[in-house]
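Biologist: Could you take me through one part of this structure slowly, as you would for someone in their first year? I would like to look closely at the strands in one chain and how they pair, and then see a helix for contrast.

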Amino acid sequence: MQSLRRPQAFKRFASLTQDPLLTLALVLVVLFVAITIVFPLLSMIGEGFSPKGLPLFQRYLSDPVHLSIVTNTLVMGALVGLFGTAVGFLFAFVQVRLNVPFKRFMHIVALIPVISPPFAVATAAIVLFGRSGSISRGIFGVRYDIYGLDGLTLVMSLSFFTIAYLNLSGMMRALDPALDEAATNLGANKWRIFRTVTLPMLLPGIASSFLLLFVEAVADLGNPLVLGGNYEVLSTRIYVTVIGLYDTTGAAVLSLILLVPSLTVFIVQRYWISRTSVVSVTGKPSGTPQMINHPLVRWPLFGLTIAICLLILLIYGTIIHGAFIRVPGVRYDFTLEHFDFVLNGIGAQAIQDTTLLSILATPLAGLIGMVIAYLVVRKTFAGRNLLDFSTMLGIAVPGTVIGIGYVLSFNHPTTLTLPVLGEVTLLPQLTGGRGLLGGALAIIVVFIIRSVPAALRSGTAALSQIDPAIEEASISLGADNARTFRRITLPLIRPAFLAGLIYAFARSMTTISAVVFLTTPQTKIMTQQILNEVEHGRYGNAFAYCVILIVIVMVAISIMYVTVGSTTGAERRLEGGL
Amino acid sequence: MSQNNQEVRLKLENITKEFPDRGGSGTVKAVDDISLDICAGEFLTLLGPSGCGKTTTLRLIAGFENPTTGRILLDNQDVTPQPPNKRDMALVFQNYALFPHMSVFDNIAYGLQTQRVKRQDIQHRVNEALLMMGLQGLGDRRPNQLSGGQQQRVALARSLVVEPRILLFDEPLSNLDAKLRVQMRGEIHRLQRRLRITSVYVTHDQIEAMALSDRIVVMNAGKIEQIGTPSDIYHRPATRFVADFIGRANFVGVTVLSESAAGVEVEIFKRRVTVASSVRRDGAPLVAMLRSESLTLRHDPALPQVLVEQAMFLGSEVEYIVNTGSQQLVVVEQDPRGVHVVAEGETIGLDFVPEAVHLLPA
Ligand SMILES: Nc1ncnc2c1ncn2[C@@H]1O[C@H](COP(=O)(O)OP(=O)(O)OP(=O)(O)O)[C@@H](O)[C@H]1O
Ligand SMILES: [Mg+2]
């Protein structure tokens, strides 16, 4: 696209502008992405490289304390990537290739972490395995120090492995079984096939899972805040720099340092690994994969997977159980006092605010994601790839970094000094207590930009499966672009739209790293309240919040399933009748 | 049928379409300076080898592509800047492009709903279309519950029901199996002759083109090679490319003896033939085209003798490859009695139908 000659590019743009509605949609999403994603990032970069920021770079990068924070971050990212991918691979392999019972159960357990609030797993791990944990101390009698790298790796691997699981199981299903059969024909045994055929074919998937988990891990704020102990990472350091020291410049510099590995890994994952993938997903597997029946492979892997499932259930059981007992891990008598505290205290407002803002953000995120996907896949215009990339930054950039960017950009009105008109206010103040709608607008926007990338990806994937001739048929029959999008495109990508909505709602309800800097006295966020309770050691209250949050998310998902429709039926057969 | 006294429905004026090529630096001319008049009620086919620009031309007409240069006029109105949904044309796609999430009825009704036709009228017209296409009783089905032929009929009905000024087809039969293709070909033919709807049809199948068309446009590398009736194209190809692309053609070198108002007198296979040729010679050398079926093999020592190199029995006919000593020729013999097969290696006399000789620039 970029290499198009100017007149051609202009002509194509002109053809796009033939439809005013399409032009309007394009202008709106470009403006949205520019203001809500690009602009805050640029402000942060500007602050980092300002005369105030530049000396800090030098200081941080020569000071052993800060250097060890950087190392800690990278080590943690690598370990989580490694273990999370391994667990994801195990689950995927057992699901796709092993002939074992309880597959459905394992699949559902693997999906549970998606809807969990950020501190839930970490707090449950403390209650179970910490210094006075009910398992470590209660059963084994050891005073195990879970705080630090080991605890973080365990908790984050269990929280994030779902990404690797979904990624790899999709790939394993798409692997052409004919390859295996060919190798078997040539006399290779199963282990040899696995080593020489299956594994190399999956290598891009494994690499991309590792990198995705790395990005998630280094960006995570919630777990290191609760479980880090003395093991400090960049995200927690940024948090302390803003919340404790009120030093936004220092935070911007640290954010820039964190941005380097995050963005590098993201770009490598997205533009290199995913390109070199040899697996072609045709949606038409030419057979069912051969099941592996060897008992020495089957039962140990099955046992390991079930053990991990039980661990996950134990953790979530602890969360629910802990919400109903006096002092989790210490006093086990039944009580509703935590729920009383949450529902009748300060928590009620947080629950209301968070749910309301999430409900507002969800359809917007889903729609914006689908519109951008439509424009990027179906229309040719200059800057198409740039729009896609900028949108993806909403999730590729760590939440803490986004948060700092918002504080730097929107804590004051955005003005522009023009020659004749003088100072013009482009945007009012958005963040902070005096921000628009008590800062709520900024929070909604953050919810949206953190969710749009997932909707965009699922929309893009769904759209590229649909023959463009189907949309052209509609246009040829006299429908304009808007009607075609509404009547043809959107119904056909409904499963992707639904997935986008579910993700958006779950993400909005559970996000912490970006909004933690944006909550105001007027607008309270549940995750922030949970953090508060955890920091004060009131685990029971935290668990009660988590239970309520999980219930809200599950109810919302059910409602979305009913109203938007499930993924069964004709929409899967998208090829236009073939 | 003469085109002159009919109104021109669609006019392409010097249409060129360039695409950026893969490298991104240069451009590919998919359509190269095409001018074309299509009359009301006419069935016109764009025929040519893969990649010659047929689909691109059709998409330019439909409005899915914008020409790099040139104009498109519909009933004397310039529609070049109009988006595809504003042009009163309907396109039938190669892979049908039915809406998979709608019933057959809703698929056919879609265009009418877009035109805001009244509900009862839609009901009525869709049912009529279903009946006409032999789809009665299938209105509630989803497209994926239909056979390929039925899907093609729905696609056709969906386009016909909006009564477009022009119907456009892009290889609509290429996804069907051979038998069904012949059957659908007959149906499209019947339907078009009955409704007399102006049609532009893209195919690379010459039989399909000849069976359906009033006129055929033979394209090559983005340019028009020849426009004419099927019989023109077959018997009087304007260029060697057209002769070669359509049917089985033999090219034989000729010696020009004389030229007169009656035609060109040439010597071919040691016989003198006068060909009423429209080819303007201007002294350039000529070549004769002889269709395989206008050559025959006969035991006759007076004829030039050829060696039969290969004999292939094709059912309704026998195809021979013979060698004259200077070149190979393809000869096709009809053999309804199933007795007359010349053996490979045999030497035999070669005769031809003098009226079938057609002269081309060499
Ligand atoms: N969108 C496009 N971008 C770049 N090149 C294109 C594009 N569409 C067509 N072309 C090129 O233009 C030329 C003509 O393509 P077109 O599809 O019109 O051929 P066709 O005659 O329909 O062939 P076929 O019989 O294979 O369908 C080809 O060389 C093709 O590669
Ligand atoms: Mg084509």
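Modeller: Happy to: what follows is a walk through the sheets of chain B, and then a visit to a helix of chain A. Please keep in mind that this is a predicted model.

Let's start with the setting. Chain B contains eight helices and 21 strands. Its C-alpha trace spans about 80 × 45 × 45 Å along the principal axes. Of the 362 residues in chain B, 51% are buried. Here is another way to look at the chain: take the contacts between residues at least 6 apart in sequence, and 65% of them join residues at least 24 apart.

Now for the part to look at closely. Find the open sheet of five strands in chain B, which follow the order β16-β20-β17-β18-β19 with antiparallel pairing. At its edges are β16 (295-298) and β19 (328-334) of chain B, each of which pairs on one side only. If you ignore direction, neighbouring strands of this sheet are turned against each other by 45 degrees on average. A general point helps here: the strands of a sheet pair through backbone hydrogen bonds, and this can happen in a parallel or an antiparallel way.

Put your finger on strand β17 (residues 305-313) of chain B, and look at its partners in turn. With strand β20 (residues 347-352) of chain B, β17 runs antiparallel, and three bridges join the two. You can follow this pairing residue by residue. Gln305(B) stands opposite Gly349(B) of β20(B), and Val306(B) has Ile348(B) as its bridge partner in that strand.

The other partner to look at is strand β18 (residues 317-323) of chain B. Here β17(B) and β18(B) pair in the antiparallel sense over six bridges. One place to see this is Val308(B), which stands opposite Val322(B) in β18(B). These two strands form a hairpin with three residues between them, and in this hairpin Gly315(B) takes a positive phi near 95 degrees. As you trace a strand, remember that in a regular strand the side chains alternate between the two faces of the sheet.

For comparison, move to another open sheet of chain B, built from three strands in the order β12-β13-β14, again with antiparallel pairing. The edge strands here are β12 (255-260) and β14 (271-275) of chain B, each pairing on one side only. Neighbouring strands of this sheet are turned by 20 degrees against each other on average, direction ignored. Five bridges link β12(B) with strand β13 (residues 263-268) of chain B in the antiparallel sense. Among the residue pairs you can pick out is Thr255(B), which stands opposite Glu267(B) in β13(B).

While you are in chain B, have a look at two cysteines. Cys39(B) has 2% relative accessibility, so it counts as buried, and Cys52(B), at 1%, therefore counts as buried as well. A search of the whole structure finds zero disulfides over all chains. As a reminder, a disulfide is a covalent bond between the sulfur atoms of two cysteines.

Now the helix. In chain A, helix α6 (residues 120-129) packs against helix α13 (residues 295-323) at an angle of about 95 degrees, with the axes 9 Å apart. The two helices, α6(A) and α13(A), are therefore roughly perpendicular to each other. On the α6(A) side, the residues making the contact include Ala124(A), Val127(A) and Phe129(A), and on the α13(A) side they include Leu311(A), Ile315(A) and Thr318(A). Sorted by class, this contact has 11 nonpolar residues, one polar residue and no charged ones.

How much of α6(A) is buried? The helix is mostly covered, with 10 of its 10 residues buried. Among these buried residues are Ala122(A), Thr123(A) and Ile126(A). The elements that cover the buried residues of α6(A) include α7 (149-174), α10 (222-227), α13, α22 (526-535) and α23 (539-564) of chain A.

One last stop is a lysine in chain A. Lys103(A) is found in helix α5 (residues 103-111) of chain A. Its relative accessibility is 19%, and buried means under 20%, so Lys103(A) counts as buried. Leaving aside its neighbours within four places in sequence, Lys103(A) is in contact with Val94(A), Gln95(A), Leu98(A) and Met291(A).

Terms used:
Residues are numbered from 1 along each chain as its sequence is written. Chains are lettered from A and ligands numbered from 1 in the order in which they are written. This is a predicted model: local features need pLDDT of at least 70, side-chain atom pairs count only at pLDDT 80 or more; totals for chains, interfaces and linings use all residues. Side-chain values use heavy atoms; hydrogens and water are left out. Axes are lines fitted to C-alpha atoms, for helices over the stretch in contact, and angles run from 0 to 180 degrees between N-to-C directions. Helices (H or I, at least four residues) and strands (E, at least two) are DSSP runs, numbered from the N terminus. Angles under 35 degrees count as roughly parallel, over 145 as roughly antiparallel, 65 to 115 as roughly perpendicular and the rest as oblique. Contact means heavy atoms within 4.5 Å. Ala, Val, Leu, Ile, Met, Phe, Trp, Tyr, Cys and Pro count as nonpolar, Asp, Glu, Lys and Arg as charged, and the others, Gly among them, as polar. A disulfide is a pair of cysteine sulfur atoms within 2.5 Å. Buried means under 20% relative accessible area, exposed over 50%, partly exposed in between (1.4 Å probe, protein chains only). Two strands pair if DSSP finds at least two bridges between them.
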